[in-house]
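Here is a short note to read beside the structure. Please keep the sequence at hand as you go through the points.

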Amino acid sequence: MLREINTFASRFRRIFGTMATARSRFFPNPKPDYKGAGHPIIPAQNILENLGDMLLRIENGLKPVEKNAGDGLYLGTAGVAYMYYHLSKVQTLQSYSSQYLKKAMQYLLPAIIVASSKSNKTEDLPSFILGNCGIYAVCACIYKSLGEESQSARYRQIYYDCAKIVKQPKFLNCGSDELFVGRAGYLLGALWLAKETNTPIQMNDMYEICDVIVQSGRSYATSHRSKCPLMYAYYQVEYLGAAHGLSSILQVLITVPGYLDSHPQAAKYIKESIDYMLSLQDEHGNFPSATDEIGYQSELVHWCHGAGGIVYLMAKAYLVYNEEKYLISCIRMSDLIWSKGLLKKGPGLCHGIAGNGYVFLLLFRMTKDPKHLYRALEFYNFMNTGEFQSGARTPDYPYSLFEGLAGTACFLADLTDPNQAKFPFSDVLSVH
């Protein structure tokens, strides 16, 4: 049901979105930009106090029970379990690590029960963000951190066994390649799982799945006469953003270790597709959310649709190909986000201020330019203002990982250790 609602909402936006003024989507940024006056001071104590208050709000608002455990990592208790796991890894919070892992397990258990109850549904089993596999991956990592190696290995194996499903060319009728429920998400989760548990990547499966993604994209692009060598559709919409679209699919393909070198023809299509994406960046630094919006100015400056998510593709492309144009694209996106990224939709990751704030932390890690850390801190400061707290919308799922405070808590924790900051499951600077 969530997927159908999101699809309807997306199509409604695509038809009527131009009727809304651009200003209605974001708060004007009241702060002057960084002037080069030294390295920004991180108010760690203030951030940690706010983080503690935020965790209490999450615990009081979202109980670790089965009725709250649906929709995987995106909305359910598994996302809160991930949040606590994420916090347990942050260096400045190490004194709370065991406490956080205990909380993570409390929120994980109802998600495991829900996942087990729907384990026979092919559409849910291999889904990373919205279904079972994301839960299994977080299970494996939390158990590993708790020293329960056999349980960790068990859930890793369950995850890897799902590869046989995603290798099927059309295992989903809505589109089998995107991030939330498709192959890109499965690969992203497998990479994250292997790194977090310090276990070998299942390379044969990974390469086979990459091959299926490339073949799927070539087939669709050819049959629909796309200008891009690889193209995909999710519920018949050719999305371009990170949530359901081309950018995250390409990001995953260039992240799988060794795939480009060992598959030169696929590598050619992938590189050409990244450059096609780059050609769509407009004069403001943004991207259309789908191919049928090409040529129109997009006002969606989100992680899910627009610069806030596509920046991860271009950042990874810069690291892989070492071509300056990709870094320039990232900087243009960060400038746009500084101007229009204080979103009224709330504090979350998917379409909120924390998701956009992570872009600055990414650029800070890549460039070491203190301007980006300054911007990230100012986004945090704005969330504490009366203007935001009275004027922002309350998300439908206010405590969840992608829409609500659980994702915001990850952002706050990472602000205290910016050299290691990473958007959940998408550390493009990681070397596998």
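**Notes on selected residues and helices**

1. Start with N198, which is exposed because its relative accessible area is 71%, over the 50% cut-off. N198 sits in the loop between helix 9 (183–197) and helix 10. Its phi is positive, near 55°, and the residue is not a glycine. Bear in mind that this is a predicted model.

2. Two other positive phi values deserve a look. Y235, in the loop between helix 10 and helix 11, has phi near 50° and is likewise a residue other than glycine. N322 follows helix 14 and has a positive phi near 55°.

3. Now helix 14 itself. This helix runs over residues 307–321, 15 residues in all. From first C-alpha to last it reaches 20 Å, close to the 21 Å expected at 1.5 Å a residue.

4. How many residues of helix 14 are buried? The count is 12 of 15, so the helix is mostly covered. The buried residues are A307, G308, G309, I310, V311, Y312, L313, M314, A315, K316, A317 and Y318. Their cover includes helix 11 (246–253), helix 13 (264–279), helix 15 (324–340) and helix 16.

5. M314 is one of those buried residues of helix 14. The largest nonpolar core has 162 residues. M83, Y159, I270, W303 and M314 are the members that touch the most others. Beyond four places in sequence, M314 is in contact with I274, M277, L278, F287, Y326, S329, C330 and M333. Of these, I274, M277 and L278 are listed among the buried residues of helix 13.

6. Helix 13 has the span one would expect. Its 16 residues should cover 22 Å at 1.5 Å a residue, and its end C-alpha atoms are 23 Å apart, which agrees. The buried residues in helix 13 are A266, A267, Y269, I270, K271, S273, I274, Y276, M277 and L278. These pack against helix 10 (203–223), helix 11, helix 12 (259–262), helix 14 and helix 15.

7. Is Y276 buried or exposed? Y276 is found in helix 13, and it counts as buried because its relative accessibility is 14%, under the 20% limit. Setting aside residues up to four places away in sequence, Y276 touches K227, C228, M231 and I294. I337 is 61 residues from Y276 along the chain, and their C-alpha atoms are separated by 22 Å.

8. I337 comes up again with N356, a residue of helix 16 (residues 353–367). N356 counts as buried, because its relative accessibility is 1%. What does N356 contact, leaving aside neighbours within four places in sequence? The partners are V301, H302, W303, G308, I337, G341, L343 and F379. Of these, G308 is a buried residue of helix 14, and W303 is among the core members that touch the most others.

9. Next, a helix pair. Helix 5 (residues 97–117) and helix 6 (residues 132–145) pack at about 145°, with axes 10 Å apart. Their crossing is left-handed. From helix 5 come L101, A104, M105, L108, A111, I112 and A115; from helix 6 come N132, I135, Y136, V138, C139, I142, Y143 and S145. By class, this contact has 13 nonpolar, two polar and no charged residues.

10. T92 lies in the loop between helix 4 (77–89) and helix 5. At 37% relative accessibility, T92 counts as partly exposed. Apart from neighbours within four places in sequence, T92 is in contact with A413, T416 and D417. T92 and D417 are 325 residues apart along the chain, yet their C-alpha atoms are separated by 6.6 Å.

11. Finally, P398. This proline is in the loop between helix 18 (386–391) and helix 19 (405–415). P398 is partly exposed, with a relative accessible area of 25%. Not counting residues up to four places away in sequence, P398 touches G404 and L405. The C-alpha atoms of P398 and L75 are separated by 9.1 Å, with their positions 323 residues apart along the chain.

Notes. Residues are numbered from 1 along each chain as its sequence is written. This is a predicted model: local features need pLDDT of at least 70, side-chain atom pairs count only at pLDDT 80 or more; totals for chains, interfaces and linings use all residues. Side-chain values use heavy atoms; hydrogens and water are left out. Helices (H or I, at least four residues) and strands (E, at least two) are DSSP runs, numbered from the N terminus. Buried means under 20% relative accessible area, exposed over 50%, partly exposed in between (1.4 Å probe, protein chains only). Contact means heavy atoms within 4.5 Å. The expected span of a helix is 1.5 Å times one less than its number of residues. Axes are lines fitted to C-alpha atoms, for helices over the stretch in contact, and angles run from 0 to 180 degrees between N-to-C directions. A crossing is left-handed if the near helix is turned anticlockwise from the far one by less than a right angle, and right-handed if clockwise. Ala, Val, Leu, Ile, Met, Phe, Trp, Tyr, Cys and Pro count as nonpolar, Asp, Glu, Lys and Arg as charged, and the others, Gly among them, as polar. A nonpolar core is a set of buried Ala, Val, Leu, Ile, Met, Phe, Trp, Tyr and Cys residues joined through side-chain atoms within 4.5 Å.
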